[in-house]
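Here are some notes for a colleague, set out as numbered points to be read alongside the model. Please keep the sequence and the coordinates open while going through them.

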Amino acid sequence: MATCPPYPTRPPTHPHTHPHWWQRTWVRYGALVTLLALSGLVILALVREQTGTQGFLVGLGLAVLPVPLLIAAFRWLDRVDPGPWRNLLFSFAWGACAAALIAIVANSFATRWIATATADPTGADTLGATVIAPVVEESAKAAAVLLVFLFRRRNFTGIVDGVVIAGVTATGFAFTENILYLGTAFGTDQLTGDRGIASVTAATFFVRVVLSPFAHPLFTVLTGIGFGVAALSADRRRLRRVLLPLSGLLLAMGMHALWNGSASLGEYGFFAVYGAFMVPAFGLLTWLAVWTRQRELGAVRAELPVYAVAGWLTPAEPFVLGSMRARRIARQHARRHAGKPAARTVAEYEAYATSLAFLRQRGRRGRAGADYVVRERELLTELWRRRETARPALDHAARATAPPVPVAVPPWPVYGPHAAPAPAPYTAQAPYITSYATPAYAPRTAYPPPNPYRT
């Protein structure tokens, strides 16, 4: 269970200031939902027109199979500091609706224009697949990452966030594209009468769903990594924050072009590109994502002890919050003894504490914004409100995951002139560290824990 807590409420604006109608939250959300809904209806009509109703239904049933696995993989990666579901829902909807619509319209128009200008339909299809499609599709998918990066900056703090947003966007795009390809293949089989393993539908399903379901996420994740590294850069390095996402986007376009062009490299060109480039790139990016996830857990263990010294956290909490196993045990303990609301509260406590650790890390490295003190106070307040429910569960998790204390075993006695002196008795160490060295970056403001019983 990974729950992203709601944002702490912002202080109200000045009573004499009234935002313009286009600056209101409900207007922006309404416009975004309307845009995605219209894009979805149009793309639905276009795909159904090309595949037919029966082909559309078959393609939909087959294309949905890899989606839960891919979404679950990205959610697992995001468990350390889970982002809100609305960001993932927007990313998937953008990829499946808006980006897919842009790609279909732009690719079709460009391919037809090239075919008319060169009078070579075959060459136009090859050029469109290897040049036009990678540029258009990766740009359309990158737009979702850019929007989250600009308008949900609090949720976009590092490489993992970029990988997750980009991967979910590409998963939505691949979902719609697979419906089109599988539905078209089914229509071809209906005309030729092919069935079973020898059918075009089976071959398309094997290549796109079984062999390479990670293709589109792999391309777009390169763009997400560029945005993630840019998010780690200081605000004053504007050139770097622009060049890094562009570099990731160009790499995504290049790998996409190589993948699309593999079909024109001969009979075994596809398998050569798949084995020589796609599989190693997938393994490398998977290792990078998991390594970054472990670094995030290490940052939690390194940054939170100063708040334990100040009294906001118990001494064991930084180590519990830096272990995914301990977090899970804490949520399970709360659910077992106090129900789902308590487990949700513990999950929110864990998420707020993780955000606090990342905020302090950015501040210590000089990358925090001007609202550092305000944001730190908000997060500490949210933790303090949930402490009565969360601390018993976290204490239980600390005891459950504490390393066993070694037991002193007396040495076997040796008699005679060569007998060694008995060693000093073993003193067991405390399972938890109760004192910490103050980090070099001290909090700007000391917040003594408020008295919850003071009126």
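1. How closely do the axes of helix H7 (residues 215-232) and helix H8 (residues 238-261) come, and at roughly what angle do they cross? In this predicted model, the two axes come within 7 Å and cross at roughly 170°. Since an angle over 145 degrees counts as roughly antiparallel, H7 is therefore roughly antiparallel to H8.

2. The H7 side of this pairing is made by Ala-215, His-216, Leu-218, Phe-219, Leu-222, Thr-223, Gly-226, Phe-227, Val-229, Ala-230 and Ala-231, which meet a set of H8 residues that includes Arg-240, Arg-241, Leu-244, Pro-245, Gly-248 and Leu-249. Further along H8, the residues met by H7 include Leu-251, Ala-252, Met-255, His-256 and Trp-259. Sorted by class, the contact of H7 with H8 has 15 nonpolar, five polar and two charged residues.

3. One residue of that contact deserves a separate look, namely His-256, which lies in helix H8. Is His-256 buried or exposed? With a relative accessible area of 2%, His-256 is buried, and, leaving aside residues up to four places away in sequence, His-256 touches Pro-134, Glu-137, Glu-138, His-216 and Phe-219. Of these partners, His-216 and Phe-219 are among the H7 residues that meet H8.

4. For context on the whole chain, the protein has 15 helices and zero strands, and buried residues make up 45% of its 455 residues. Among contacts with a separation of 6 or more, 80% are accounted for by residues 24 or more positions apart.

5. Helix H5 (residues 159-192) contains Ile-159, and this helix of 34 residues reaches 48 Å from its first C-alpha to its last, which is close to the 50 Å expected at 1.5 Å a residue. H5 is mostly covered, in that 27 of its 34 residues are buried. Just after H5, Gly-193 takes a positive phi of about 80°.

6. What does Ile-159 touch, once residues up to four places away in sequence are not counted? Its partners are Ile-225, Gly-228, Val-229, Leu-232 and Thr-292, and Val-229 is also one of the H7 residues that meet H8. Ile-159 counts as buried because its relative accessibility is 16%, where buried means under 20%. Although Ile-159 and Thr-292 are 133 residues apart in sequence, their C-alpha atoms are 7.3 Å apart in space.

7. Ala-289, which lies in helix H9, offers another link between parts of the chain that are distant in sequence: its C-alpha atom is separated by 7.4 Å from that of Leu-77, 212 residues apart along the chain. Ala-289 counts as buried at 12% relative accessibility, and it touches Leu-77 and Val-160 when residues up to four places away in sequence are not counted.

8. The second helix pair to examine is H12 (residues 324-338) with H13 (residues 340-364), whose axes come within 6 Å and cross at roughly 155°. This angle makes H12 roughly antiparallel to H13, and H12 passes H13 in a right-handed crossing. The residues that meet are Arg-327, Ala-330, Arg-331, Ala-334, Arg-335 and Ala-338 in H12 and Lys-340, Ala-342, Ala-343, Val-346, Ala-347, Glu-350 and Thr-354 in H13. By class, this contact of H12 with H13 has seven nonpolar, one polar and five charged residues.

9. Taken by itself, H12 has 15 residues and reaches 21 Å from its first C-alpha to its last, close to the 21 Å expected at 1.5 Å a residue. Its buried residues are Met-324, Ala-326, Arg-327, Ile-329, Ala-330, Arg-331, His-333 and Ala-334, and what covers them includes helix H9 (269-303), helix H11 (317-321), H13 and helix H15 (387-401). Just after H12, Gly-339 takes a positive phi of about 90°.

10. Finally, where is Ala-316 found? Ala-316 sits in the loop between helix H10 (305-309) and H11, and it is buried, with a relative accessible area of 10%. The C-alpha atoms of Ala-316 and Ala-397 are separated by 9.5 Å, while the two residues are 81 residues apart along the chain.

Definitions and conventions: Residues numbered from 1 in each chain as written. Predicted model: local features only at pLDDT ≥ 70, side-chain atom pairs only at ≥ 80, totals over all residues. Heavy atoms only, no water. Axes fitted to C-alpha atoms, helices over the stretch in contact; angles between N-to-C directions. Helix = DSSP H or I, 4+ residues; strand = E, 2+ residues; numbered from the N terminus. Parallel < 35°, antiparallel > 145°, perpendicular 65-115°, else oblique. Left-handed = near helix turned anticlockwise from the far one by under 90°. Contact = heavy atoms within 4.5 Å. Nonpolar A, V, L, I, M, F, W, Y, C, P; charged D, E, K, R; others polar. Expected span 1.5 Å × (residues − 1). Buried < 20%, exposed > 50% of the residue type's maximum accessible area, 1.4 Å probe, protein only.
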